[in-house]
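Trainee: Could we go through this model slowly, so that I learn what stands behind each word used to describe it?

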Amino acid sequence: MNWYRFRQTIKLGAKSLWMHRLRSTLTALGIIFGVCSVIAMLAIGEGASQEAQDQIARLGSRNIIIKTIKPPEEERPDAQGSQMKEHGLTYADAEQFKHTIPDIQVVVPQRRLMQEAWYLNRKIAIEVIGTIPWYTEIAPVDLYQGRFLNSADLNYRQKVCIIDEEIFNKLFLFDDPLGADIKISGDFYRVIGVASKLESAAENGGSEADSSGQISGVAGNVYIPLTTAKQRFGEINLQIGTSGQNVEKVELQQITVQVKKTEQVLPTVEILNNLLSRSHKKKDYQIVVPLELLRQAAQTKKIFSIVLGSIAAISLLVGGIGIMNIMLATVSERTREIGIRRALGAKRRDIIFQFLSETVMLTMAGGLLGIVLGSLIPFLVTYWAHMPTVVTGSSLILSFGISATIGITFGLYPAYRAAHMDPIESLRHE
Amino acid sequence: MAIVEIEKLSKNYQMGRLNVAALRDVNLTFEKGQYIAIMGPSGSGKSTLLNLLGCLDRPSGGCYRLGNDDVAKMEDDELSKIRGQRIGFIFQSYNLIAQLNVVENIEVPMYYQGVSARKSSERAKELAELVGLGDRIDHRPSELSGGQQQRVAIARALANDPLILLADEPTGNLDTQSGGEILHLLDDLNNQGKTLIVVTHDAQVAKRAELVIHLLDGTVERIEHNGKGN
């Protein structure tokens, strides 16, 4: 097959595809949608898993997060009575962790409170995190300006704070935040640093549970010294609801511990569980292990990709069957032409090549169009549904490869059938 | 010089359990430049002989030499090549390819022999001119009359300058006038030295041939020699 013959065959195939424009288009649609869905599905899957992994990675793979949760209530308290219920993690717990588990490198207790922050006449919902200077060990704090908390802040219960970029953007607009005072719950706090966004409130589902949920849509985090938080906000949370007053006392909303090596994470979790179950009668804590989540996320991603990929592959397969169907119809429609060509000197492989080239052209065109559409759809998904998507080069190559393979596979049989028809019979065919 | 030599050629068909002999021990020899007509009632083996002569089918026994090559036992690919190079087919129903125009139709046999685009297009135009369709080279078959379509088919049959032209009832679908024109064209080609084998049951057509072979029940009943010239 020389270049000239090749070109002629392509020309001939293109011509006959063009003659049946509607049929070719409809046939190619199967492949277009197939390729499109493979790419889009993989992009959505990849995006979702990357986001999940990013979130988890931000929590730290050597970290163990212990959160205060509301214990399950055994009985309804007297409807009208006001009673104080104490639950959750305590300073004693944090001390105990530090002193009894040698693998633990750092223990970071945190108070987390939903509050409103004011600057001038601007108001914003925030989550106050009262913590200690070693917080930077468990979460990478990228400071844009200023500094993080230090021991002096802690010791002298300084009213200082570090705000994250979300708050900076919404509260300060163009003003210089350093040295400015923001008002939180009646007190003024001096801004000493601006950090990148570390964790969104949504990720910290646990801390919302004990904050009575009065503020939703938290814009960002404000970090203050733990001692200041204890002094200014107290540990008692008063809720007035339909069933009367409900007073809760919670010392710490969260304790994050970090072990020295990732291998120590799981044994440490076990020890923590033992310690906590002894000192806490009610199950008012929850242990979150980012490492485990990371592993689960990787596993989930794999399953997710396989499921999405196979759904999309099925649609490609359906497209391929459509192509085969049409090509078989084309072959029987052109039986006479095949007979004529055979009588005029066409070899079997000439006929095979002629029909195969049509199928391959059809699938290639469908595949390319599918790639174009398939790379656009994830953008639309991100734009409209705010879902992260990642179009990987390998998914493009994969789907194009699959469509080309399908074109050849499903084109081979019709082409083979065309080539092996008896020329005498074909010439008699009406 | 013998162009076609057939010895003890036979063809059997399996029809259910029955083995039907369509041709039995046919011996024929055609010289270069001869005008041969093959006649016979239906079922006499005309079509079978035509298919064998045209290398569309392989005989069950015997020997068929076309231009010194025994084609009886050739493989499919070789037969395709022989068909393309040595045989020019003219069919009763023209058998042009509907989506190709006149020139493209004439180019088809050259395409399968790997003739370059420029050469085959030049030759196709020449041949279209030769059969009197020089002004219609870009017409589709559907835009041509039956006689014109048969002219295109004749031009196509000549494309690779074959050893023999095989015509199967070339005027069967045509009215008397255009049929006459086609016969005239065939006469001209024969006069120019082309070997012509025409299968027909029309005595008027057969009259033009110098050799008329009458088939009956798969054997050659008799061979009639007409004086050369009309």
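Trainee: In strand β10 of chain B, which residue is the bridge partner of His214(B)?
Mentor: The bridge partner of His214(B) in β10(B) is Arg222(B). Please keep in mind that this is a predicted model, in which local features need pLDDT of at least 70 and side-chain atom pairs count only at pLDDT 80 or more, while totals for chains, interfaces and linings use all residues. Residues are numbered from 1 along each chain as its sequence is written, and chains are lettered from A and ligands numbered from 1 in the order in which they are written.

Trainee: What makes β9(B) and β10(B) a pair of strands?
Mentor: Strands are DSSP runs of E with at least two residues, helices are runs of H or I with at least four, and both are numbered from the N terminus. Two strands pair if DSSP finds at least two bridges between them; β9 (residues 211-216) and β10 (residues 219-225) of chain B have six, in the antiparallel sense, and therefore satisfy that definition. Their hairpin has two residues between the strands, and Asp217(B) there takes a positive phi near 50 degrees.

Trainee: In which sense does β9(B) pair with β3(B), and over how many bridges?
Mentor: β3 (residues 35-39) of chain B pairs with β9(B) in the parallel sense, over four bridges, and Met39(B) stands opposite His214(B).

Trainee: Why is the pairing of the six-strand sheet of chain B called mixed?
Mentor: Strands of a sheet pair through backbone hydrogen bonds, either parallel or antiparallel. The open sheet runs in the order β6-β7-β8-β3-β9-β10; β3(B) with β9(B) is a parallel pair, whereas β9(B) with β10(B) is an antiparallel one. The edge strands are β6 (87-90) and β10 of chain B, each of which pairs on one side only.

Trainee: How do you know which strands are the edges of the four-strand sheet of chain B?
Mentor: That open sheet has the order β2-β1-β4-β5 and antiparallel pairing, and β2 (18-31) and β5 (69-70) of chain B are its edges, since each pairs on one side only. β5(B) is joined to β4 (residues 61-66) of chain B over two bridges, with Asp70(B) in β5(B) as the bridge partner of Arg65(B).

Trainee: Why is α3(B) called oblique to α4(B)?
Mentor: The axes of α3 (residues 102-112) and α4 (residues 117-130) of chain B come within 9 Å and cross at roughly 125 degrees, where axes are lines fitted to C-alpha atoms, for helices over the stretch in contact, and angles run from 0 to 180 degrees between N-to-C directions. Angles under 35 degrees count as roughly parallel, over 145 as roughly antiparallel, 65 to 115 as roughly perpendicular and the rest as oblique, so α3(B) is oblique to α4(B). The crossing is right-handed, meaning that the near helix is turned clockwise from the far one by less than a right angle, where anticlockwise would be left-handed.

Trainee: And what makes α2(A) and α10(A) roughly antiparallel?
Mentor: α2 (residues 21-59) and α10 (residues 290-333) of chain A pack at about 180 degrees, with their axes 8 Å apart, and α2(A) and α10(A) are therefore roughly antiparallel. Their contact has 23 nonpolar, twelve polar and two charged residues, if Ala, Val, Leu, Ile, Met, Phe, Trp, Tyr, Cys and Pro count as nonpolar, Asp, Glu, Lys and Arg as charged, and the others, Gly among them, as polar.

Trainee: How many residues of chain B are in contact with chain A?
Mentor: Residues are in contact if their C-beta atoms, placed from the backbone, lie within 7 Å, and 21 residues of chain B are in contact with 21 residues of chain A. α2 (76-86) and α3 of chain B each give two or more residues to that side of chain B, and α2(B) gives the most, with six.

Trainee: Where in chain A is the pLDDT below 50?
Mentor: pLDDT is the predictor's confidence in each residue, from 0 to 100; chain A averages 84 and chain B averages 91. Among the elements of chain A, α7 (residues 205-209) has the lowest mean, 39, and α11 (residues 335-343) the highest, 94. The pLDDT is below 50 over residues 200-216 of chain A. Where pLDDT is low, the predicted coordinates should not be read in detail.

Definitions and conventions: Two residues are in contact if their C-beta atoms, placed from the backbone, lie within 7 Å.
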